[in-house]
Amino acid sequence: MSATINLEKKHFPVLLDELIKIISPRYSGTFLDCTFGQGGYSKKILENTKNKVIAFDRDKDVVKFSEILKKKYKDRFEFNHKKFSQIKSISAKDIKAIIFDLGYSTTQIFDENKGLSFNFKGKLNMRMGLNSFSAHDVINKLDKKELSNIFKYLGDEKDSKKIAQAIIKKRDQKIITTNDLVEIINKAKKNYNFKINKSTKIFQSLRIFVNQEISELIYGLINAYKLIPIGSYIVVITFNSLEDKIVKFFFKNYSEEKKVSRYLPYSKNTNQIFELLNKKVIFPSVEEIKKNPPSRSAKLRYVKKVGDQANFEEFFTKFKTFLDIENIGKKLC
Ligand SMILES: C[S@@+](CC[C@H](N)C(=O)[O-])C[C@H]1O[C@@H](n2cnc3c(N)ncnc32)[C@H](O)[C@@H]1O
């Protein structure tokens, strides 16, 4: 474990100026902040007195931050302790934009009860909130094949089988803390890349699996599309390549006019429900990364809704393998 790490525990909202630049022309209406955290985005949006914010977060530890905003902004602010896959439960109309800032806040990463990081000793937990099982259940109850698939598909881990085997072997001695798991990984895994900690991919795959992040994101995006009127925006900030792949496919595949065959003339894509307002990804500036190093992996993408006729079969087919892997979790519920 690294005892030398000394990052600030305060969470800085990522790409805040860029987000506000995108949504401010649509001010005077309701905005959905699907990942409230410490309310960095919500606060900024509420500075405009004509705006209302409906916020969501699955972590009960952020309720205290939402109460501060509720006191100050009263009817202009509402907080839901719910997962964002459930945003359809609200009855708001005239939604101008729905915003997702995926991943974890710095405060969550430093919380030893959550045990999200391999850098600090913590409980083998990884639940952000409103979960059905913990990382401890995953590591101690699933079989070798299931563990190996989780590591391979959700973490892109080359040594998935070896690490799964090492976990099974150690189980009788109890694997309880993040340190116990790090020790097993360090012994089982070869060092291919000295810049990346050996535990990075295993911890990523476990966080995704425990929090069912792939299905949360897929259903969150589809429900966001269903909830907004034509002309409104969906904005997403991602922090890992799997999340970004999902968002990129969702936005691009349902934006572009597609040729059915190269031998046939263009036909209108009947699934065109979005307009890509910015074809390129938006990254944090060098200054932001200097001030807040965790922002370096952030990517912002956004679209405007332009159509109402959507069939999401292709979206589900494309990410079926990942959804099937997350389904293994049903055994633990
Ligand atoms: C990166 S932080 C957001 C920070 C926030 N933008 C701010 O300025 O403080 C991500 C937040 O999203 C929440 N979250 C992640 N996945 C979620 C989900 N599926 N449903 C609801 N909240 C989720 C986490 O609990 C965390 O508080």
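Start by selecting Phe151, which sits in helix 6 (helices are DSSP runs of H or I with at least four residues, numbered from the N terminus). You're looking at a predicted model, where local features need pLDDT of at least 70, side-chain atom pairs count only at pLDDT 80 or more, and totals for chains, interfaces and linings use all residues. Residues are numbered from 1 along each chain as its sequence is written.

Is Phe151 buried or exposed? Phe151 counts as buried because it has 26 C-beta neighbours inside 10 Å; the cut-offs are 20 or more other C-beta atoms within 10 Å for buried, 12 or fewer for exposed, and partly exposed in between, with C-beta atoms placed from the backbone. Now light up its contacts, leaving aside neighbours within four places in sequence: Glu157, Ser160, Ile163, Ala164, Ile202 and Ser205. Contact here means C-beta atoms, placed from the backbone, within 7 Å. Add Phe203 too: it is 52 residues from Phe151 in sequence, yet 8.7 Å away from C-alpha to C-alpha.

Next, show helix 6 and helix 9 together. They pack at an angle of about 95 degrees, and their axes are 8 Å apart (axes are lines fitted to C-alpha atoms over the stretch in contact, and angles run from 0 to 180 degrees between N-to-C directions). So helix 6 is roughly perpendicular to helix 9, a label that covers 65 to 115 degrees, while under 35 is roughly parallel, over 145 roughly antiparallel and the rest oblique. To see the contact, pick Ile150, Phe151, Leu154 and Gly155 on helix 6, then Lys201, Ile202, Gln204, Ser205, Ile208 and Phe209 on helix 9. Colour these by class and you get six nonpolar, three polar and one charged (Ala, Val, Leu, Ile, Met, Phe, Trp, Tyr, Cys and Pro are nonpolar, Asp, Glu, Lys and Arg charged, and the others, Gly among them, polar).

Stay on helix 9, residues 200-210, where ten of the eleven residues are buried. Those buried residues pack against helix 5 (135-141), helix 6 (144-155), helix 7 (160-170), helix 8 (178-188), helix 10 (213-227) and helix 14 (320-327). Just past helix 9, click Gln212: its phi is positive, near 50 degrees.

Finally, zoom out and colour domain 1 (16-101 + 213-313) and domain 2 (113-211), with bounds from an automatic or database domain assignment. Eight residues of domain 1 are in contact with six of domain 2. On the domain 1 side, that's one nonpolar, one polar and six charged residues.

Notes. Helix = DSSP H or I, 4+ residues; strand = E, 2+ residues; numbered from the N terminus. Contact = placed C-beta atoms within 7 Å.
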